[in-house]
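Work through the exercises below with the sequence and the structure side by side, and try each task before reading its solution.

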Amino acid sequence: MKKTLIGGCVSLLALSLLSGGVSAATLLTGAEIQALLAGKTVAGIAGENIPFTKTYRADGTFTLQVENGEPRNGTWRVNGDQYCQIRIEIEECYSVEKDGDTYRMLYDGDQVHTTFNLQ
């Protein structure tokens with residue numbers, strides 16, 4: 001009986017690990033992205049491990065502060081189920097994934113552009 005219980009627990013643990021662990025990341029909808037970002041400040045890591053903070057205003061503008069850099073301004077919006085931003089006249093759009101308290105902006109389906117948390 002004891003062997004069967006332990007074997008069953010080990011099987012469940014292995015299945016959980018193979019399927020991506022207990023908590024699986026989920027993609028946010030457009031409404032969830034809007035609610036997440038409007039009026040909020042996030043802190044995270046972008047590009048090649050560059051720390052940043054970014055404040056999203058409800059009017060569709062943002063201020064990006066990269067460590068040791070000048071603040072940069074831009075605009076943002078939600079288009080369908082993607083977050084889009086315009087900086088230096090270039091629009092970039094990303095899916096937003098939630099994994100626990102951590103969020104990731106993704107391009108090309110699963111490539112991580114930015115990882116962040118709410119402040």
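**Exercise 1. Find where this predicted model has a pLDDT under 50, and place that stretch within the confidence of the protein as a whole.**

Solution. Begin at the N terminus of the predicted model, where pLDDT stays under 50 over residues 1-21, and note that the model has 2 contacts beyond four places in sequence for this stretch. Next, compare the elements: confidence is lowest in helix H1 (residues 2-18), with a mean of 39, whereas helix H2 (residues 30-37) has the highest, at 98. Finally, set these values against the whole protein, whose mean pLDDT is 85, with 81% of the residues reaching 70 or more.

**Exercise 2. Trace how strand S4 pairs with S3 and with S5, and identify the turn residues that have a positive phi.**

Solution. Start with strand S3 (residues 50-56), which pairs with strand S4 (residues 61-66) in the antiparallel sense over 5 bridges. Within this pairing, Lys-54 stands opposite Leu-64 in S4. The hairpin of S3 and S4 has 4 residues between the strands, and Gly-60 there takes a positive phi near 90°. Then follow S4 onward to strand S5 (residues 72-79), to which S4 is joined antiparallel by 4 bridges; here Thr-63 stands opposite Asn-73 in S5. S4 and S5 also form a hairpin, with 5 residues between them, and Asn-68 in its turn has a positive phi of about 60°.

**Exercise 3. Locate the disulfide, determine its handedness, and decide how exposed each of its cysteines is.**

Solution. Recall that a disulfide is a covalent bond between the sulfur atoms of two cysteines. With a cut-off of 2.5 Å between sulfur atoms, the count comes to 1 disulfide, which joins Cys-84 to Cys-93 at an S to S distance of 2.1 Å. The torsion about the S-S bond of Cys-84 and Cys-93 is about 110°, and therefore the disulfide is right-handed. For the last step, take buried to mean under 20% relative accessible area: Cys-84 is buried, at 1%, while Cys-93 is partly exposed, at 27%.

**Exercise 4. Describe the largest pocket by its volume and by what lines it.**

Solution. The largest pocket holds about 280 Å³ of space. It is lined by 17 residues, of which Ala-46, Leu-64, Arg-87, His-113 and Thr-114 are the closest to its centre. Assigning the lining to elements, one finds that S3, S4, strand S6 (82-87), strand S7 (90-99) and strand S9 (111-118) each give two or more residues, and that S3 gives the most, with 4 residues.

Conventions. Residues are numbered from 1 along each chain as its sequence is written. This is a predicted model: local features need pLDDT of at least 70, side-chain atom pairs count only at pLDDT 80 or more; totals for chains, interfaces and linings use all residues. Side-chain values use heavy atoms; hydrogens and water are left out. Two strands pair if DSSP finds at least two bridges between them. Buried means under 20% relative accessible area, exposed over 50%, partly exposed in between (1.4 Å probe, protein chains only). pLDDT is the predictor's confidence in each residue, from 0 to 100. Contact means heavy atoms within 4.5 Å. On a 1 Å grid over the protein atoms alone, a cavity is a set of points where a 1.4 Å probe fits but cannot get out, and a pocket is an open set with protein on both sides within 12 Å along at least five of seven lines; lining residues have an atom within 4 Å of a point. Grid points are joined across faces, edges and corners, and a volume is the space filled by probe spheres set on the points.
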